[in-house]
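This report looks at one protein chain, beginning with a single helix and ending with the chain as a whole.

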Amino acid sequence: MGIVGWIILGLLAGAIAKFLLPGKDPGGFIGTTLIGIAGAFIGGWISAQWLDHPITKNFYDGATWAAAIGGSLVLLIIYRVLFGGSRR
């Protein structure tokens, strides 16, 4: 799966993470989208390095999606903890 595939996966993973963690985000839609893309890359890298599950070239692999969504959720939670209280 190429870089464009990971970006598309990240966009979708960010939307799913936002759906699973509703509420206000400090960065809005664009911030959440960027977090989703970064989460997809980080989740895929962690899955390949430490969980002994290499990322396949198949866009529809369930483990790839779970890693991307999991990475997005973790980054979204960290982002909210660090920057969530600064906006009022």
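## The exposed side of α1

V4 and F19 are exposed on one side of α1, the side away from the helix's buried residues. The model is predicted.

Helix α1 spans residues 3-20, 18 residues in total. From first C-alpha to last, α1 reaches 25 Å. That is close to the 26 Å expected at 1.5 Å a residue.

## The buried side of α1

Which residues of α1 are buried? They are G5, W6, L9, G10, A13, G14 and A17. These residues cover an arc of only 165° around the axis, so they sit on the same side of α1. An α-helix has 3.6 residues a turn, so residues three or four places apart point the same way.

What do the buried residues of α1 pack against? Their partners are α2 (28-49) and α3 (62-83). V4 and F19, by contrast, lie exposed on the other side of α1.

## The chain as a whole

The protein chain has 3 helices and 0 strands. Read from the N terminus, the order is α-α-α.

How are the contacts spread along the sequence? Take contacts between residues at least 6 apart in sequence: 76% of them join residues at least 24 apart.

## Burial and surface

The chain holds 88 residues, and 34% of them count as buried. G5 and W6 of α1 are among the buried residues of that helix.

The protein chain exposes about 5,500 Å². Carbon and sulfur atoms supply 73% of that area.

Technical notes
Residues are numbered from 1 along each chain as its sequence is written. This is a predicted model: local features need pLDDT of at least 70, side-chain atom pairs count only at pLDDT 80 or more; totals for chains, interfaces and linings use all residues. Side-chain values use heavy atoms; hydrogens and water are left out. Helices (H or I, at least four residues) and strands (E, at least two) are DSSP runs, numbered from the N terminus. Buried means under 20% relative accessible area, exposed over 50%, partly exposed in between (1.4 Å probe, protein chains only). Contact means heavy atoms within 4.5 Å. Accessible areas come from the Shrake-Rupley method with a 1.4 Å probe; for residues, only the protein chains shown count as cover. The expected span of a helix is 1.5 Å times one less than its number of residues. The arc is that of the directions from the helix axis to the C-beta atoms.
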